Amino acid sequence: LAAKLVKYPRDVLGEIMHPVKLAFVPTISIGMLLLSIAYLQIAPGLSFWLWSAGTVLHLAITLYVLSSWVHHGKYEIAHLNPAWFIPVVGNILVPIAGMQHAPADVSWFFFSLGLFFWPVLTAILFYRLIFHGSLPERLMPTLFIFIAPPAVGFISWYKLVGGVDDFGRVLYFTGLFFTLLLLSQFNYFRQIRFFLSWWAYSFPLAAITIATLIMARETGLVFYTWLAAGLLGALSL
């Protein structure tokens, strides 16, 4: 990333200014947040610095993206796709490691931000899909991103409140419904040619798998154990 920024600054700027590619820029900060979660138990110090850098960077990107959305002359309804969740709803990731790295209010701030924009963008996206035609084939895999906000939201809520409560169940079952909805369209998705956007199959499935593992542990119900095993198998495959 640093080498690309130094060698091809115009290309990087072009991606930042692009109406579709802009949504993928925050994957840099989200990658840091995911790594901070991965290292939370085995290297807490490294996890803290990754979380700190990722959180600050993601907030800066969120402010830039929202400003771009409000003051623009380039966006059209055809540009909208589920990747637009990434910049603002990605803030929901912060509490997963943040509850151990900073005062709770920091995590609540980012969770509130992501939770507010999730239903807003969901409504706009469904309007786009229903009344303005399907997504281009290369972007169809991004439909799986619909799973991520409620699934990650459940994991963060679990970290924030320390257990599975009624609102947590609402988030989990919403994520589970989107998983069932998209898996029921398996025959459609298996006909899509390979594109880089296939990455969108993995992260959302990982999120709902982790959420299901939490449900299995907290409820003790065998159903969630088997469901988690099935999702983990699909994710690994």
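## Contacts around alanine 151

Two residues are in contact when heavy atoms of one lie within 4.5 Å of heavy atoms of the other. In this predicted model, alanine 151 touches Ala207, Ile208 and Ala211, leaving out residues up to four places away in sequence.

Alanine 151 belongs to helix H8. With a relative accessibility of 0%, the residue counts as buried, because the limit for that class is under 20%. Between the C-alpha atoms of alanine 151 and glycine 168 the distance is 9.6 Å, and the two residues stand 17 residues apart along the chain.

## Overall architecture

The chain contains 12 helices and zero strands. Its pattern along the sequence is therefore written with the helix symbol throughout: α-α-α-α-α-α-α-α-α-α-α-α.

For 237 residues, a compact globule would be expected to have a radius of gyration near 18 Å, and the value for this chain, 18 Å, agrees with that expectation. Along the principal axes, the C-alpha atoms occupy a box of roughly 50 × 45 × 30 Å. Among contacts with a separation of 6 or more, 73% join residues that are 24 or more positions apart.

## Burial and surface

Of the 237 residues, 46% count as buried. The accessible surface of the chain amounts to about 12300 Å², and carbon and sulfur atoms supply 71% of that area.

## Charges and salt bridges

The chain carries 12 positive and 8 negative side chains. The centres of these two sets are 11 Å apart. Across the whole structure, a search finds two salt bridges.

One of the salt bridges pairs glutamate 137 with arginine 193, with 2.9 Å between the closest N and O atoms. Glutamate 137 is located in the loop between helix H7 (104-131) and helix H8 (148-161), while arginine 193 is located in the loop between helix H10 (186-189) and helix H11 (202-219), so the pair ties together parts that are 56 residues apart in sequence. Glutamate 137 counts as partly exposed, at 30% relative accessibility, whereas arginine 193, at 55%, counts as exposed. The second salt bridge joins arginine 217 to glutamate 218, and here the closest N and O atoms are 3.7 Å apart. Arginine 217 has a relative accessibility of 57% and counts as exposed; glutamate 218, at 37%, counts as partly exposed.

## Leucine 66 and valine 164

Leucine 66 is part of helix H4, which spans residues 44-70. When neighbours within four places in sequence are set aside, leucine 66 is in contact with Val88 and Phe117. The C-alpha atoms of leucine 66 and valine 88 are separated by 8.0 Å, with their positions 22 residues apart along the chain counted as the separation.

Valine 164 occupies the loop between H8 and helix H9 (166-183). Apart from residues up to four places away in sequence, valine 164 touches Phe154, Tyr158, Arg169, Ile214, Met215 and Glu218. Glutamate 218 is also the partner of arginine 217 in a salt bridge. From valine 164 to leucine 93, which is 71 residues away along the chain, the C-alpha distance is 17 Å.

Notes: Residues are numbered from 1 along each chain as its sequence is written. This is a predicted model: local features need pLDDT of at least 70, side-chain atom pairs count only at pLDDT 80 or more; totals for chains, interfaces and linings use all residues. Side-chain values use heavy atoms; hydrogens and water are left out. Helices (H or I, at least four residues) and strands (E, at least two) are DSSP runs, numbered from the N terminus. The radius of gyration is taken over C-alpha atoms; the globule rule is 2.2 Å times the number of residues to the power 0.38. Buried means under 20% relative accessible area, exposed over 50%, partly exposed in between (1.4 Å probe, protein chains only). Accessible areas come from the Shrake-Rupley method with a 1.4 Å probe; for residues, only the protein chains shown count as cover. Lys and Arg count as positive and Asp and Glu as negative; His and the chain ends are not counted. The place of a charge is taken as NZ of Lys, CZ of Arg, CG of Asp or CD of Glu. A salt bridge is a side-chain nitrogen of Lys or Arg within 4 Å of a carboxyl oxygen of Asp or Glu.
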